[in-house]
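Reader: I'd like to zoom in on one part of this model and stay there for a while. Could you pick a helix, take me through what sits on either side of it, and follow the chain onward from there?

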Amino acid sequence: MIPGEFEYHRPASLADAVKLLADFGDEARPLAGGHSLIPMMKLRFATPEHLVDLSAIDSLKGICRDGDALVIGAMTTQSDIIASADIASHLPLLRETALLIADPQVRYMGTLGGNVANGDPGNDMPAVMMALGASYRLEGPDGARDVPASEFYQGAYFTALEPGEILSAVSIPLPAQGHGYAYEKLKRKVGDYATAAAAVTLTMAGGKVATCSIALTNLSETPLLAEDAAAAVVGTSLDDQAIAAAVEAARAIMNPAADARGTSEYRTHVGGIMVARALKRAAARAAS
Ligand SMILES: Cc1cc2nc3c(=O)[nH]c(=O)nc-3n(C[C@H](O)[C@H](O)[C@H](O)COP(=O)(O)OP(=O)(O)OC[C@H]3O[C@@H](n4cnc5c(N)ncnc54)[C@H](O)[C@@H]3O)c2cc1C
């Protein structure tokens with residue numbers, strides 16, 4: 001299908017982009033890599049009258065260190081993330097996840113900002129951001145504010161973004177040296193969205209789990225932070241009993257839709273398996 005008519009804008013600064021979005025209100029949408037928005041427009045699920053292309057705004061691109069955090073500009077592509085030495089050494093979970101998104105063509109165009117701002121429960125990065133304790137910088141006509149990833153997602157395609165706001169950057173606190181991490185994603189084929197996926201970061205001390213964070217992709221209308229599941233393994237040696245308790249607690253908050261990827265029961269079942277696998281792989285990678 002062909003999208004409806006729209007007017008195309010390509011501002012050179014964030015301030016100009018915010019002004020355009022504020023002026024056109026509900027009729028305007030930011031355009032990043034276009035790999036979620038353009039398909040939606042072709043299906044006429046989205047019919048913006050104004051597209052505000054963010055690709056000429058240099059301040060939205062790049063990865064830099066800010067104290068104990070890495071700050072990633074919204075227009076940084078998944079491909080840039082995979083190529084970054086800083087990400088590989090400090091945030092390997094991000095690189096592992098980016099490599100599981102779609103295929104190289106999509107990753108060359110798709111941006112981190114577009115992936116986390118989209119609000120599609122099938123996007124992989126939002127749960128990873130929750131597990132890492134990331135926050136999003138939102139810039140609008142009234143200034144900037146920071147929103148934790150764990151508070152950003154309100155429903156399928158509903159987020160904390162207010163009309164006129166642009167997500168300009170993602171700030172991720174650097175995990176402890178020697179932390180363990182894993183993103184386990186079940187998909188029907190290479191390039192597919194997750195049937196179910198789980199992100200885990202943890203630290204070990206003296207053979208026991210010292211800290212743990214677990215988040216889930218495509219197992220509800222929004223990404224989920226599985227706090228009870230994480231609490232179930234802290235202080236344990238991650239024995240079978242602790243893993244079973246974490247899986248049970250994680251399944252208790254899952255509520256996936258039945259779709260072409262399976263029934264709700266099936267997806268909840270495999271969601272638990274993703275949690276167990278991610279916990280084991282993260283622990284195997286952690287220094288104890
Ligand atoms: C074949 C295919 C397979 C895919 N498989 C996966 C997959 O396995 N996992 C996965 O996670 N994704 C997958 N995707 C989606 C892909 O990762 C998208 O590129 C990504 O979700 C959106 O990023 P984008 O830069 O293309 O954003 P766009 O499509 O340009 O925008 C997406 C939405 O976010 C808004 N937006 C974009 N940037 C900003 C911003 N800075 N501030 C505020 N709002 C903004 C837009 O207005 C739009 O509503 C797939 C896409 C395709 C085409």
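Author: One bit of vocabulary before we start: a helix here is a DSSP run of H or I with at least four residues, a strand is a run of E with at least two, and both are numbered from the N terminus. Bear in mind too that this is a predicted model. The helix to look at is α8.

Start with how covered α8 is: eight of its eight residues are buried. By name, those are M125, P126, A127, V128, M129, M130, A131 and L132. After α8 comes G133, with a positive phi near 70 degrees. As a general point, most residues other than glycine have a negative phi.

On the other side of α8 is D124, in the loop between α7 and α8. Is D124 buried or exposed? D124 counts as buried because its relative accessible area is 3%, and the cut-off is under 20%. The side chain of D124 makes a polar contact of 2.6 Å with that of Y183, and another, of 2.7 Å, with that of K185. Setting aside residues up to four places away in sequence, D124 touches T97, L100, I101, N115, Y183, K185, A194 and T217. So if you click on D124 and show everything around it, Y183 and K185 turn up both as polar partners and in that wider list of contacts.

One of the residues touching D124 is T97, so let's detour to helix α5, residues 92–98, where R95 is placed. R95 is partly exposed because its relative accessible area is 31%, and the buried class ends at 20%. Apart from neighbours within four places in sequence, R95 is in contact with I82, I87 and A88. For a sense of scale relative to our helix, the C-alpha atoms of R95 and A127 are separated by 14 Å, with the two residues 32 apart along the chain.

T217 is also on the D124 contact list, and that takes us to N218, in the loop between β13 (208–217) and β14 (224–225). N218 is a residue other than glycine, yet its phi is positive, near 60 degrees. N218 is buried, with a relative accessible area of 10%.

Now go back to α8 and carry on past G133. Strand β6 spans residues 135–140, and L138 lies in it. L138 is buried, with a relative accessible area of 0%. Leaving out neighbours within four places in sequence, its contacts are G143, A144, R145, V147, F152, A160, L161, E165, I166 and L167. By contrast, M41 is 97 residues from L138 along the chain, and their C-alpha atoms are separated by 24 Å.

F152, one of the contacts of L138, brings us to the aromatic rings. How many aromatic pairs does the structure hold? There are three. One of them is Y136 with F152, edge-to-face at 4.9 Å centre to centre and 85 degrees between the planes. This pair ties together distant parts of the chain, 16 residues apart: Y136 is in strand β6 and F152 in helix α9 (residues 149–152). Both rings belong to buried residues. Y136 also pairs edge-to-face with Y153, this time at 6.3 Å centre to centre, with 85 degrees between the planes. Here the link runs from Y136 in β6 to Y153 in strand β8 (residues 153–155), 17 residues apart. Y136 and Y153 are both buried. Put the two pairs together and you get a single aromatic cluster of Y136, F152 and Y153.

A little further on, Y157 sits in the loop between β8 and β9. Although it is not a glycine, Y157 has a positive phi of about 65 degrees. Y157 is partly exposed, with a relative accessible area of 40%.

Last stop, the largest pocket, with a volume of about 1300 Å³. Its lining counts 46 residues, and R29, P30, G114, A117 and N118 are the closest to its centre. Elements supplying at least two lining residues each include α7 (112–117), β9 (158–159) and β10 (166–173). By class, the lining has 22 nonpolar, 17 polar and seven charged residues.

Technical notes: Residues are numbered from 1 along each chain as its sequence is written. This is a predicted model: local features need pLDDT of at least 70, side-chain atom pairs count only at pLDDT 80 or more; totals for chains, interfaces and linings use all residues. Side-chain values use heavy atoms; hydrogens and water are left out. Buried means under 20% relative accessible area, exposed over 50%, partly exposed in between (1.4 Å probe, protein chains only). Contact means heavy atoms within 4.5 Å. Rings of Phe, Tyr and Trp (its six-membered ring) pair if their centres lie within 6.5 Å; planes under 30 degrees apart count as stacked, over 60 as edge-to-face and the rest as tilted. On a 1 Å grid over the protein atoms alone, a cavity is a set of points where a 1.4 Å probe fits but cannot get out, and a pocket is an open set with protein on both sides within 12 Å along at least five of seven lines; lining residues have an atom within 4 Å of a point. Grid points are joined across faces, edges and corners, and a volume is the space filled by probe spheres set on the points. Ala, Val, Leu, Ile, Met, Phe, Trp, Tyr, Cys and Pro count as nonpolar, Asp, Glu, Lys and Arg as charged, and the others, Gly among them, as polar. A polar contact is a pair of N or O atoms within 3.5 Å; within protein, one must be able to donate a hydrogen and the other to accept it, and residues adjacent in sequence count only if both atoms are side-chain atoms.
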